Amino acid sequence: MLNHKKETMLPIQTIDPQEIEASTDGCVNARRDYILGLWAGHKMGLHGDELQLYVRDVLYTDRVTPGTDPMINKVAQDFSSCGVALANNQIRVAFQNAERTARTEMMVTD
């Protein structure tokens, strides 16, 4: 027999949009970093386990030193050491695209 327990929901007027934004921001940042790591890893020719390790490294970098500039600098240094010629402004565009994609994906519900 199914349990039809009535769930209680907060009235919409008691939910602060800034509180929702703050509580999901970590999820958006993690998703953004994941997308950025995949993009950068592919640019460096990484595949399989190497790509997974690189993505994890990108995620870790943002946890240790959060912010846009440290992420841009990390990817730029990695590109430089692998011989990938991309300017910081191109990496910044990829970062912004990754954030936009992450926010869009977070808004999708099933």
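# A tour of a four-helix chain

Start with the cysteines: counting pairs of cysteine sulfur atoms within 2.5 Å gives 0 disulfides. A disulfide is a covalent bond between the sulfur atoms of two cysteines. Select Cys27, which is partly exposed at a relative accessible area of 41%. Then select Cys82, also partly exposed, with a value of 46%. Keep in mind throughout that this is a predicted model.

## The whole chain

Now show the whole chain and colour it by secondary structure. There are 4 helices and 0 strands. Read from the N terminus, the order of elements is α-α-α-α.

Switch to a surface view. The accessible surface of the chain is about 8,200 Å², and carbon and sulfur atoms account for 54% of it. Of the 110 residues, 27% count as buried. Take the contacts between residues at least 6 apart in sequence: 59% of these join residues at least 24 apart.

## Helix 2 against helix 3

Select residues 48-64, which form helix 2, and residues 68-82, which form helix 3. Two packed helices are described by the angle between their axes and the distance between the axes. For this pair the angle is about 145° and the axes are 10 Å apart. The crossing of helix 2 and helix 3 is right-handed.

Next, show the side chains where the two helices meet. On the helix 2 side, select Tyr54, Asp57, Val58, Thr61 and Asp62. On the helix 3 side, select Met71, Lys74, Val75 and Asp78. What kinds of residue make up this contact of helix 2 with helix 3? They divide into 4 nonpolar, 1 polar and 4 charged.

## The loop between them

Select Pro66, in the loop between helix 2 and helix 3. Is Pro66 buried or exposed? Pro66 is exposed, because its relative accessible area is 59% and the cut-off for exposed is over 50%. Add Asn29 to the selection. Pro66 and Asn29 are 37 residues apart along the chain, and their C-alpha atoms are separated by 9.4 Å.

## Two charged residues in helix 3

Go to Lys74, in helix 3. Lys74 counts as buried, because its relative accessibility is 11% and buried means under 20%. Which residues does Lys74 touch, not counting residues up to four places away in sequence? They are Tyr54, Asp57, Val58 and Thr61. These four are among the helix 2 residues that meet helix 3.

Move on to Asp78, also placed in helix 3. Asp78 counts as buried, with a relative accessibility of 17%. Leaving out residues up to four places away in sequence, Asp78 touches Met44 and Tyr54. Keep Tyr54 displayed for a moment: Lys74 touches Tyr54, and Asp78 touches Tyr54.

## From helix 3 to helix 4

Select Asn73, another residue of helix 3. Asn73 is partly exposed, at 37% relative accessibility. Draw a distance from its C-alpha atom to that of Ile91: the two residues are 18 apart along the chain, and the separation is 9.0 Å.

Now centre the view on Ile91, which lies in helix 4, residues 88-107. How accessible is Ile91? Its relative accessibility is 0%, so Ile91 counts as buried. Show Trp39, Ile72, Val75, Ala76, Phe79 and Leu86 around Ile91; Ile91 touches these, with residues up to four places away in sequence not counted. For one of them, Val75, the C-alpha to C-alpha distance to Ile91 is 7.5 Å, with their positions 16 residues apart in sequence.

## Last stop: Phe79

Follow the contact from Ile91 to Phe79. Phe79 is in helix 3. Phe79 counts as buried, since its relative accessibility is 0%.

Which residues should be selected around Phe79? Leaving aside neighbours within four places in sequence, Phe79 is in contact with Trp39, Ala40, Lys43, Met44, Val84, Leu86 and Ile91. Trp39 and Leu86 touch Ile91 as well, and Met44 is touched by Asp78.

Finish by drawing the distance between the C-alpha atoms of Phe79 and Ala40. These residues are 39 apart along the chain, and the atoms are separated by 7.9 Å.

Technical notes. Residues are numbered from 1 along each chain as its sequence is written. This is a predicted model: local features need pLDDT of at least 70, side-chain atom pairs count only at pLDDT 80 or more; totals for chains, interfaces and linings use all residues. Side-chain values use heavy atoms; hydrogens and water are left out. Buried means under 20% relative accessible area, exposed over 50%, partly exposed in between (1.4 Å probe, protein chains only). Axes are lines fitted to C-alpha atoms, for helices over the stretch in contact, and angles run from 0 to 180 degrees between N-to-C directions. A crossing is left-handed if the near helix is turned anticlockwise from the far one by less than a right angle, and right-handed if clockwise. Contact means heavy atoms within 4.5 Å. Ala, Val, Leu, Ile, Met, Phe, Trp, Tyr, Cys and Pro count as nonpolar, Asp, Glu, Lys and Arg as charged, and the others, Gly among them, as polar. Accessible areas come from the Shrake-Rupley method with a 1.4 Å probe; for residues, only the protein chains shown count as cover.
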